[in-house]
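Good morning, everyone, and thank you for coming. I would like to talk first about how two chains meet, and then about how two helices pack.

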Protein chains: 2
Amino acid sequence: MSGYQHRVAGKRLNRLDGIGKVTGKHVYAADFALPGMLFGKILRSSEPHARIRRLDVAKARALPGVRTVLTASDIPAIRFGTAIKDRSVFADGVVRFRGEAIAAVAATSLEIAEAAVRAIEIEYEPLPAVFDPEEALTSGAPLVHAGWSDYQALPVFDREGNVSGRAELGGGDVEAGFAQSYRIYEHRFTTQHVHPGYTEPRSAIASWDGNGDVIVWCNTQLPFDMKNMLAEVLDLPASKVRVIVPGIGGGFGGKLRVGVEHFAAWLARASKRPVKVMTTSEEELTDAYPRQPTIVTLRTGVSRDGLLLARQGRVLLDCGAYANSGPATAAIALQVLAGPYRTPHLAFESVAVYTNKGSTGSFRAPAGPMANFAVESQMDLIADNLGIDPLEFRLRNVYREGDKGPAGETLTSVSIEECLRKAADAIGWHDRRPAHGRGKGIACSWWLTTGGSSGVYVKINPDGSVTLVSGAVELGSGAITGAAQILAEELGVDLADVNVAEVDTHSSPYDYGAQGSRTAFSVGNACIAAAKDLRRQIGELMAAQWQVPIDSVRLEEKSVISGDKRMSLAEVASLSQRSGGGLISHGTAIQPMPVFDPSKVKNHPLPAWTSHSFHAHAVDLSVDQVTGEVSIHRYVVAQDVGYAINPTYIEGQIEGGVAQGIGQTLSEEIVYDQGRVMNANLTDYKMPTTMDMPRVECILVEKPGVNGPYGAKGVGEPPCIQPPAAIANAIAVASGVRVCSLPITAEKIALERLDRAAD
Amino acid sequence: MSGYQHRVAGKRLNRLDGIGKVTGKHVYAADFALPGMLFGKILRSSEPHARIRRLDVAKARALPGVRTVLTASDIPAIRFGTAIKDRSVFADGVVRFRGEAIAAVAATSLEIAEAAVRAIEIEYEPLPAVFDPEEALTSGAPLVHAGWSDYQALPVFDREGNVSGRAELGGGDVEAGFAQSYRIYEHRFTTQHVHPGYTEPRSAIASWDGNGDVIVWCNTQLPFDMKNMLAEVLDLPASKVRVIVPGIGGGFGGKLRVGVEHFAAWLARASKRPVKVMTTSEEELTDAYPRQPTIVTLRTGVSRDGLLLARQGRVLLDCGAYANSGPATAAIALQVLAGPYRTPHLAFESVAVYTNKGSTGSFRAPAGPMANFAVESQMDLIADNLGIDPLEFRLRNVYREGDKGPAGETLTSVSIEECLRKAADAIGWHDRRPAHGRGKGIACSWWLTTGGSSGVYVKINPDGSVTLVSGAVELGSGAITGAAQILAEELGVDLADVNVAEVDTHSSPYDYGAQGSRTAFSVGNACIAAAKDLRRQIGELMAAQWQVPIDSVRLEEKSVISGDKRMSLAEVASLSQRSGGGLISHGTAIQPMPVFDPSKVKNHPLPAWTSHSFHAHAVDLSVDQVTGEVSIHRYVVAQDVGYAINPTYIEGQIEGGVAQGIGQTLSEEIVYDQGRVMNANLTDYKMPTTMDMPRVECILVEKPGVNGPYGAKGVGEPPCIQPPAAIANAIAVASGVRVCSLPITAEKIALERLDRAAD
């Protein structure tokens, strides 16, 4: 498209879902209701690890208004799960974390359902529990899953005892690298459980029809995956399950997997009525898919002139009681740990372990902040020790165009130097310590755009409007508006001419789902393919109609033109409908996988990254010298987005990601004590508010990628990767205190200062 | 497909929508409800023609629970309509029939809405009215639409005063034909208002979103047309209107046009809440789309040896107060009047007129029974007069392969002789008067398969199931099951593997709608096109995967095969999803229009028929010699269906059509007196019950047509065309009484016998 001025793509246009959302008219899944529906509630374990000795639901069943009470004995013993099929709908005789589902109730009101849950009688026989991931690795540790070896699992994972997956990434000869090194540094970093913090609780309504088919209206990010997961859990062919997403109020990876859908479906099946199940804040903080805690150890050898020679590292990731995406997340951490730096000798290992805590999942940029916190904190520690400016140290080591990545893949469209320099310039890097108690920090990273295929149907209607049917949900990021901008651009119409249908696995083409920064990228590519086919149809139709060569027919500003002949696009669509079914097409897109060196990876589910992006964050903050409180003055993000499809929404993504990153860095933590969540409410679980947010300055770098629409790269996940390291680095400058465990609370800073003063 | 044994098509398989319907789980539009919805009711005129002098809604608005009261002054003055834009949402200051909508109310309960309707104060100034269609043609008759000449109308219609449309069909020199004739016969036949009798009332729920878009869940037969009609009525671009059909409990042409949808949409817009409007039986019998009454005069000249030489005829059709499809229906009557007989000289005219009665519409085989009652009654009258057996008389005159039709089109796949002989054989024609008071009658006809385009999306899912997304609704005929059988046949899967999505104008491809016997025919053709594209995709995918020639790849019994390589269709679909978006296609179909002679038609909207079919009915009945009561012993239908996609559902269509035909013939009539419906309830409006039904013997003739899938022809409408004539002819044989006006009630027969006895 070089030299061509876009009309719609690249513009700051209002999002298609905007008015409905700001006026409160938009129906989210949590708003959705069906006449005559029942309300479902879940009985959850009060023990972290125990055998269920007695479970008596008689009193609950007898309550007026209660229609159904279900326990494990009422449904087939089916195990499901992402990496490992280790989970059941209800605890299978053994509970493995406090908060695990044991029974479910459907009643005519929520109050009755809650009373029925309280009326269920249960006795436990406690079992030894393990909460610490390092302890879980020891030989005498209690097994979270005694029968782990019988579970079905994806073959890629290397499992044993409490280890749900182990992966490796590396190359060269790391011992030789250390031997050549001028200095060697070793550090340990820890991170915490963080909830995705979507504003809409997880919610599902299920309703069965007379054919034994179930429709589930829910707020999943992955309708097609949900269809398959539910089919597995319900012991049905996938064709019997239909998933509709009315609307979704944020997901951030927390709505990828079954949450309440399976409970709603089983309860509705048993009660022969629609059933709605929605989470409370307490349930969100005890049984959801938060970011996993990690312990990252990193050993780095450098040359005298500040070049990285060798790195050895281990990511220990605490999955909680069920593996879910933990083994894959731990593996992905290794790429984040490796990049964006040239390192001749690498030896990284990931270990995902079970503990008797709540399950975890793939929160926005899974593994990103944890691994980046380690590598980018250490980069500053090394630079300081070597006496090299941290920016300069990074610039000496970052990837260059054409370099090989950690799995041997060729890196293209490399923009890390540009991102670093722009972020540093904007924050005023030349003056890193502008005042006492004030400092600036920088951190950078790289990230992938997740692959998977996307299909779209596109209709040009006889009124000239365009309907886009995609299987990808609009999470709130504006990604579908971005895809629609590309479609409008390709068809020569306005964004306002494009309507988007809601996702229904029955009527929508397949999409790999709203995950992994892929939506605008992949749906946009599918739109380009669909538009190309529509232009072909229009060319053939009008060439025949006008008796002109096909090549002479072109589409321009809602008209079809050949020589001095012209017909409005609406009229052409109408003509096509009258003469042959209308202007309708199907477009599809999939990202090619890069070529990589299989000897550099082991047991890794995602060995090489597609369509990687680069980004750097810089922050200017003060630390209160007494209380340790951090005040962020300015926050700058320079992110390579390849091509900014809609700069406004990309900036929105960056601002939101930085907010989540600041939360993870400074205040958020699901606090466990002996397997009990001590702050299972939104008063004690401290997410930043708008009052805590600095203005985020966004610099959109546009170095076109090879696979994305008009060169676009995935933009959604990266913004929450670097805040922990950038802020930690700035805090170290401002306060002299280096904190290597998240969150970096004011208490930690203050206590560390007191300790050092006492030394 | 000659020589190939079908696996799925042609089989008596259970319909896809069957279990849901017989278990009561299927959600019809009338069942559909939204939480928080209001209930709408309509104030209707008590006068047949009057000016509204005063309309005061203040008391209605003040009732607790009333949210909205709307009259013509609250909404834009928009006229809409099918042939002529002569109708408004609410009476435009003048009411033109008793039952016309004047105001609408939305309230929190149906009872409150009804009370509010009663609380509206109204004063009328009566205007002269006209009820008789012949009187409406006289020069001094009151004009139903004083401003008729200002209305927008389709240009094809020739209009004047109370005449909403006039058309002609003919050729040769009819006066010369009469001059050559041995005998000339002239008769007059009349038919009545008949309600389609769908079991589900018309129902709509409208809900507006924050973008100013409206979703309407309703039971329309034509979702895409409804979208356009509503856009017009609501003064919106069509892209702002979305129509979803959850399910529809019969239509028979009575659910083609706006019925309650526009009221629901306006009320919902004003009250900012979803609003449901559903008809009562009284509303159905006063303001719906019943079959139009007609007066048919037919003059026929024959040769001495019983060959038709010339025919002159006029169809006068009473549209009621609004034209709707009346002018077109009257015109279509001319083809029915002409066929299926060779007639060298033809001169037919249709006249559609306004009267101050309820509006009318396109009931199953519009014009068919009325015109066929005339022509086939007269055929018996002529045969009797000539002393020729009525079957023999017909056989001398019927169309032969390659004949020209009335508009000069070439007739192919002509099977009328076969249909007549099979029906006659089955009824035992050799013995037409088996007992005193008992007789047999026969009648035959031809009919078209309506054109228009159909599009489908088809997905082969990774579990091997197939999803069909069509814009055509399943009316209850089984037509969508028929289309799905064709799809399953083409893809080598089972019918049970096919899922059909509900129709949603947003996500479904365009379809011309469930009308005109076209659904299985046209959607089936679109499925063939989609399957062809899927086979191409599968061929390309597996040729690349297996490194074999594309031509060697074939689809067989849910597997893809090339030489000794084999992969299940499910695995291929999964491979395609992982490598390129999945096996998804779009298929489209449209019927070609036949070539015709434009000099033979004038002002005719449907000058030549596509994909015509032929059929004959024979009946054996007794007439009580005292009461005139008719008892039908046997009823035989021989219908050329081209190819029987699913014999069971075709037989169901035939049985249902015969039932409706028997109702029209013997008992059903919306009785008007001075513009008032005297029997606006289902006790006094007498539809036949199962107790009134004979066993219908179906003979499916399969002479393949050129356009339909596997040679299929449209089957839905023809079965209700011939019952009036076949039964009238049998009554004449059994009782000696010839009744030329429908319905042929026992009273008419008995009175006629008394008259004749008195002569």
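Please keep in mind that what you see is a predicted model. Let us begin where the chains touch: 42 residues of chain B are in contact with 42 residues of chain A. On the chain B side, at least two residues each are supplied by helix H1 (18–22), strand S17 (453–460), strand S18 (466–470), helix H15 (569–580) and strand S24 (583–590), and the largest share, six residues, comes from S24(B). If we sort the residues on this side of chain B by character, we find 13 nonpolar, 24 polar and five charged.

How, then, can chain B be laid on chain A? A turn of 180 degrees, together with a shift of 0.1 Å along the axis, places chain B on chain A with an RMSD of 0.1 Å, which means that the two are related by a two-fold axis. The C-alpha of chain B nearest that axis belongs to B:Pro35, at 2.9 Å from it. Both copies use the same surface, since 100% of the contact residues of chain B recur in chain A.

Now let us turn to a pair of helices within chain A. Helix H9 (residues 326–338) and helix H10 (residues 368–386) of chain A pack at an angle of about 35 degrees, and their axes are 8 Å apart; the crossing of H9(A) past H10(A) is right-handed. From H9(A), the contact is made by A:Ala333, A:Val336 and A:Leu337, while the residues from H10(A) include A:Gly368, A:Met370 and A:Asn372. The residues of this helix contact divide into seven nonpolar and two polar, with no charged ones.

Technical notes: Residues are numbered from 1 along each chain as its sequence is written. Chains are lettered from A and ligands numbered from 1 in the order in which they are written. This is a predicted model: local features need pLDDT of at least 70, side-chain atom pairs count only at pLDDT 80 or more; totals for chains, interfaces and linings use all residues. Two residues are in contact if their C-beta atoms, placed from the backbone, lie within 7 Å. Helices (H or I, at least four residues) and strands (E, at least two) are DSSP runs, numbered from the N terminus. Ala, Val, Leu, Ile, Met, Phe, Trp, Tyr, Cys and Pro count as nonpolar, Asp, Glu, Lys and Arg as charged, and the others, Gly among them, as polar. Copies are superposed by least squares on the C-alpha atoms of residues with pLDDT of at least 70 in both. Axes are lines fitted to C-alpha atoms, for helices over the stretch in contact, and angles run from 0 to 180 degrees between N-to-C directions. A crossing is left-handed if the near helix is turned anticlockwise from the far one by less than a right angle, and right-handed if clockwise.
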